[in-house]
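Please look over the sequence and the model below before reading on. The paragraphs that follow lead from one helix to the whole chain, and then to single residues.

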Amino acid sequence: MKTTTPLLVLFDLWCLLAIAQLPLIYNMGGFYKPIVNYLIILAITYFAFHGFIADNRGVNRMHTVAWALRWLALGLTLLAFATTVISYSLHLI
């Protein structure tokens, strides 16, 4: 398990960076720029270590933190994605 620690730390940093970028992405102009950025974040966060983190989430604290950060980043990105779509659809009415 020592060989996966640097990768898990990088993934944790990716999740934290993605969460930190959500307000900046939301304030971007236009409709397509935020949507594309949200989809990129969702794809990378979901597919990176997809099976590995879920299968090993109880091994040690690093795996548990990576699993929790992954779902937190996915949830917040989906929430921001939905908020963007709803706010722009209300502007079209």
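**A walk through the helices**

In helix α1 a kink of about 30° lies at A20, shortly before the proline P23. The model in which this kink appears is a predicted one, and that should be kept in mind throughout the description that follows.

Helix α1 runs over residues 5-26, and at 1.5 Å a residue its 22 residues should span 32 Å, which agrees with the distance of 32 Å between its end C-alpha atoms. How exposed is A20, the residue at the kink? With a relative accessible area of 48%, A20 is partly exposed, because the word "exposed" by itself is kept for values over 50%. A20 can also be related to a residue well along the chain, since A20 and A73 are 53 residues apart in sequence, while their C-alpha atoms are 9.6 Å apart in space.

Which residues of α1 are buried? They are L8, F11, D12, C15, A18, L22 and I25. An α-helix has 3.6 residues a turn, so residues three or four places apart point the same way. The reader may follow the buried residues along α1 in the model with this rule in mind, going from L8 to I25.

Helix α1 also holds T5, which is partly exposed, with a relative accessible area of 33%. T5 and L76 are 71 residues apart in sequence, and here the C-alpha atoms lie 25 Å apart in space.

Stepping back to the chain, one finds four helices and zero strands, and these follow the pattern α-α-α-α when read along the sequence. Taken along the principal axes, the C-alpha atoms fill a box of roughly 55 × 20 × 15 Å. Among the contacts in the chain with a separation of 6 or more, 73% are made by residues 24 or more positions apart. Of the 93 residues in the chain, 28% are buried, and the accessible surface comes to about 6000 Å², with 75% of that surface belonging to carbon and sulfur atoms.

One part of this surface can be looked at in detail, for F31, Y32, V36, I40, I44 and V85 form a nonpolar patch there, with about 540 Å² of accessible area together. Which helix gives the largest share of the patch? Helix α2, which covers residues 32-47, contributes four residues and so has the largest share. One of the patch residues is Y32, which has its place in helix α2 and is exposed, with a relative accessible area of 65%.

Is T84, by contrast, buried or exposed? T84 is found in helix α4, which covers residues 61-92, and at 1% relative accessibility T84 counts as buried, because buried means under 20% relative accessible area. If residues up to four places away in sequence are not counted, T84 touches Y26, F31, P34, I35 and Y38. One of these contacts is with P34, and although T84 and P34 are 50 residues apart in sequence, their C-alpha atoms are 7.7 Å apart in space. Another of the residues that T84 touches is F31, and F31 also belongs to the nonpolar patch on the surface.

Definitions and conventions: Residues numbered from 1 in each chain as written. Predicted model: local features only at pLDDT ≥ 70, side-chain atom pairs only at ≥ 80, totals over all residues. Heavy atoms only, no water. Patch = residues over 30% accessible without salt bridge, like charges linked within 9 Å, V, L, I, M, F, W, Y side chains within 5 Å. Areas by Shrake-Rupley, 256 points an atom, 1.4 Å probe, with all protein chains shown as cover. Salt bridge = Lys/Arg side-chain N within 4 Å of Asp/Glu carboxyl O. Helix = DSSP H or I, 4+ residues; strand = E, 2+ residues; numbered from the N terminus. Buried < 20%, exposed > 50% of the residue type's maximum accessible area, 1.4 Å probe, protein only. Expected span 1.5 Å × (residues − 1). Bend = angle between axes of the 7 residues up to and from the residue. Contact = heavy atoms within 4.5 Å.
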